[in-house]
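Q: Please take a close look at how the side chains pack in the interior here. I would like one connected account, with the cut-offs behind each term.

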Amino acid sequence: MKESNLIFKVLIAVLAMGVVIYMAIYFFHGFGPGLVTANAYLHQHDIGTQAQAILIRDEQVLSGSDGYLDLLLAEGERVAQGKPVAMVYHDPSVLSTRQSIRNLEIELQQLEYTLSSSAQGNNAAQVDKQLAQAVVRLRTLSASGDLSSLEDPALELRASVLQRDYTYGGDSQASQLSGLIAEKQNHLAQLNRSLGQVSRTILAPASGVFSGETDGWESILRPDMLDKLTIDQLSSLMSQTASPDPAAAGKVITGSTWYLAALIPGDSPNLREGWTYPVAFSNGYYGQIDMKLERIVLGEGQTMAIFSCRSHLSDTTFLRMQMVDIILQQMEGIRIPRKALRVETVTVEETDEETGNSVTKEVNRYKVYTVIGSQAEEQEVDILYTGDTYYLVQPVNPSASRRLRPGDEIILSPADVYPGMVVR
């Protein structure tokens, strides 16, 4: 009996000691530095060179106006030869009437779109779904910075709102839609009849892309000068100031190809003729445009590069003098903070290719720790690029099932983390 009591007391003492040790460790970690983590994410790093550049196009300036100008085309809109581009009026009040006509035409377009959608028999749930999809599409385009294609989604959204009102309003309100359209059409006809006499209609001299802006460079820069253009000539052109004709009614950009003449600092930019390079513009255009390098001229301390492009003509009508980034290499990997990378020096044995003998040497292994459940897990990586505050890395084995992935939670501190360590 006494022996069993002694064993019981020993067990109680061991258990109490274990609790004390656990609490000591708990409080030690509690007062130490806490767990600091960050999320890894996919990142593209562009390596390139910056240059001063100027856009060169085939352009025809439209003859000046002698009255109040009303442009009929949007910026970057295509026009056929001989088609109206603008109208010139003597009476300034006509311009406000023209604006009212445009607003009515847009409103009629929305109402007719709503009527055609209602005729398809969409119920309230379908209308709400279409409205939500229109909002998401509009938000996606806005977030991407692509504002050039917002017109159709905006029209769809406005029409969905109108359709929702008539759908929830019942048959009595829906039946009024055709009458409202007829009323708007009559008003539009009255406004068109009230327009004053047109002084002159400006027609497109050639087929191309219309721009309502001129900058004076249209008569100075021509694509046919690029074959013989020198570095000194381009530098002289870029130092000039062009003056636009204040009476010009815009211009028509003809041809399907436009050019970019760039002055790059240095005499070895690592560019090759015939290759295509992404080019990013400093302002006026969001994103990058793939351009073909047509000609390169090496000079003392400067290089001239002539690029061409057969797309994005309508998107770049406002661009002329630009600072551009010519992308030489695009590198994609997983971005991590610099504090997340751990370096371990290990000794490896390799075979010398010349002698066939085995040699040992020290190499660095790079790794990060991710949080899996409540534990730390080691992930070995290769460094692709070193930035000021981050590394661009990739898994050593990209096909492994346990590897670093975009979105993983990586550990920045504590510094003494180890595989399998309970961090939560």
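A: The secondary structure of the protein comes to seven helices and 17 strands; helices (H or I, at least four residues) and strands (E, at least two) are DSSP runs, numbered from the N terminus. This is a predicted model, in which local features need pLDDT of at least 70 and side-chain atom pairs count only at pLDDT 80 or more, while totals for chains, interfaces and linings use all residues. Residues are numbered from 1 along each chain as its sequence is written, and side-chain values use heavy atoms, with hydrogens and water left out.

Of the 424 residues in the protein, 34% are buried, where buried means under 20% relative accessible area, exposed over 50% and partly exposed in between (1.4 Å probe, protein chains only). Contacts, meaning heavy atoms within 4.5 Å, often span long stretches of chain: among those between residues at least 6 apart in sequence, 74% join residues at least 24 apart.

Now to the core itself. In soluble globular proteins, nonpolar side chains tend to be buried together. A nonpolar core here is a set of buried Ala, Val, Leu, Ile, Met, Phe, Trp, Tyr and Cys residues joined through side-chain atoms within 4.5 Å. The largest one has 24 residues, and the members touching the most others are L260, F281, M291, F307 and I326. At least two residues of this core come from each of β2 (41-61), β8 (251-265), β9 (276-281), β10 (288-298), β11 (302-309) and β12 (321-337). The largest share, five residues, is supplied by β8.

I326 makes a good place to zoom in. Leaving aside its neighbours within four places in sequence, I326 is in contact with G48, T49, A51, A262, I264, L271, Y277, P278 and F307. There is also a second, separate core of 16 residues, with I54, M225, L237 and A261 among them.

Aromatic rings are the next thing to look at. Four aromatic pairs are present in the structure; rings of Phe, Tyr and Trp (its six-membered ring) pair if their centres lie within 6.5 Å, with planes under 30 degrees apart counted as stacked, over 60 as edge-to-face and the rest as tilted. Y277 and F307 have ring centres 6.5 Å apart and planes at 85°, so this pair is edge-to-face. Because Y277 lies in strand β9 and F307 in strand β11, the pair ties together parts that are 30 residues apart in sequence. Both Y277 and F307 are buried.

F281 and Y285 make another edge-to-face pair, because their ring centres are 6.4 Å apart and their planes are at 80°. F281 counts as buried at 8% relative accessibility, and Y285 is buried with a relative accessible area of 18%. These two join W258 in one aromatic cluster. A ring meets a charge at Y390: the charged end of R335 sits over this ring, 3.7 Å from its centre. The rule for that asks for NZ of Lys or CZ of Arg within 6 Å of the ring centre and within 35 degrees of the ring normal.

The loop between β11 and β12 holds R320, which counts as buried at 6% relative accessibility. Its C-alpha is separated by 9.1 Å from that of L260, 60 residues apart along the chain. Not counting neighbours within four places in sequence, R320 is in contact with A53, I54, L55, I56, R57, E59, D215, W217, E218, L221 and K251.

Back in strand β8 we find T254, buried with a relative accessible area of 14%. Beyond neighbours within four places in sequence, T254 is in contact with D58, Q60, A206, S207 and G208. V79, in strand β4 (residues 78-79), is buried as well, with a relative accessible area of 9%. V79 and T254 are 175 residues apart in sequence and 10.0 Å apart in space, C-alpha to C-alpha. Residues up to four places away aside, V79 touches L73, V85, A204, A206, S207, G208 and V252.
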